[in-house]
Amino acid sequence: MKKQYQTSVRVSGQGKSAQQAFADGINCVQAAILKGNQNIILRIEPEDVQVVSANVQRRVEKFLFIFLPRKIAHYSVVLDVSVMVTILEIDKVIFEGAA
């Protein structure tokens with residue numbers, strides 16, 4: 001009834017810092033695994049993370065095009081995450097009762 005398998009998912013994340021971009025990407029792992037699964041997931045355990053691409057875009061923003069310049073950075077990452085998934089196969093459960 002309980003089954004384990006290993007899979008890999010590709011996720012992406014964005015944020016104002018590198019930490020936010022990675023956290024956003026890691027948070028998307030659960031949704032990516034749930035998307036193609038009808039069973040109940042007991043545990044999702046990340047085993048390895050590989051960075052496919054990491055980009056940063058920097059620009060200078062000014063108030064009224066002249067005043068108060070500040071530097072803005074936007075980070076984005078694409079990650080390949082290999083995970084060990086433990087599921088509970090509900091297809092193999094036999095329900096009893098009167099119809």
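Does E89 count as buried or exposed, and at what relative accessibility? E89 counts as buried, because its relative accessibility is 13%; buried here means under 20% relative accessible area, exposed means over 50%, and partly exposed is in between, with a 1.4 Å probe and protein chains only. I will come back to E89 with the salt bridges.

A word on the basis. This is a predicted model, in which local features need pLDDT of at least 70 and side-chain atom pairs count only at pLDDT 80 or more, while totals for chains, interfaces and linings use all residues. Residues are numbered from 1 along each chain as its sequence is written, and side-chain values use heavy atoms, with hydrogens and water left out.

Now the sheet. Helices (H or I, at least four residues) and strands (E, at least two) are DSSP runs, numbered from the N terminus. Three strands form an open sheet in the order β1-β3-β2, with antiparallel pairing; two strands pair if DSSP finds at least two bridges between them. β1 and β2 stand at the edges with a single partner strand each, so one side of each has no neighbour in the sheet. On average, neighbouring strands of this sheet are turned by 10 degrees against each other, direction ignored. The antiparallel pairing of β1 with β3 runs over 14 bridges. As one position to look at, Q6 stands opposite M84 in β3.

Next, the helix. α1 covers residues 18-35, and at 1.5 Å a residue its 18 residues should span 26 Å, which agrees with the 26 Å between its end C-alpha atoms. The expected span is 1.5 Å times one less than the number of residues. At V29, α1 bends by about 25 degrees, the bend being the angle between axes fitted to the seven residues ending there and the seven starting there. V29 is also buried, as are A21, G25 and I33 in α1. The buried residues of α1 pack against β1 (2-15), β2 (40-63) and β3 (67-88), where contact means heavy atoms within 4.5 Å. α1 lies across these three strands and runs at about 140 degrees to β1. For such angles, axes are lines fitted to C-alpha atoms, for helices over the stretch in contact, and values run from 0 to 180 degrees between N-to-C directions.

Which residues are linked with E89 in a network of salt bridges? They are K3 and K92. A salt bridge is a side-chain nitrogen of Lys or Arg within 4 Å of a carboxyl oxygen of Asp or Glu, and the structure holds six. In the bridge between K3 and E89, the closest N and O atoms are 4.0 Å apart. That pair links distant parts of the chain, with K3 in strand β1 and E89 in the segment after β3, 86 residues apart. K3 counts as partly exposed because its relative accessibility is 39%. From K92 to E89, the closest N and O atoms are 3.4 Å apart, and K92 counts as exposed at 56% relative accessibility. Outside that network, R59 forms a salt bridge with E61 at 3.4 Å between the closest N and O atoms. E61 is partly exposed, at 26% relative accessibility.

Last, I94. I94 lies in the segment after β3 and is exposed, with a relative accessible area of 73%. From I94 to R10 the C-alpha distance is 35 Å, and the two are 84 residues apart in sequence.
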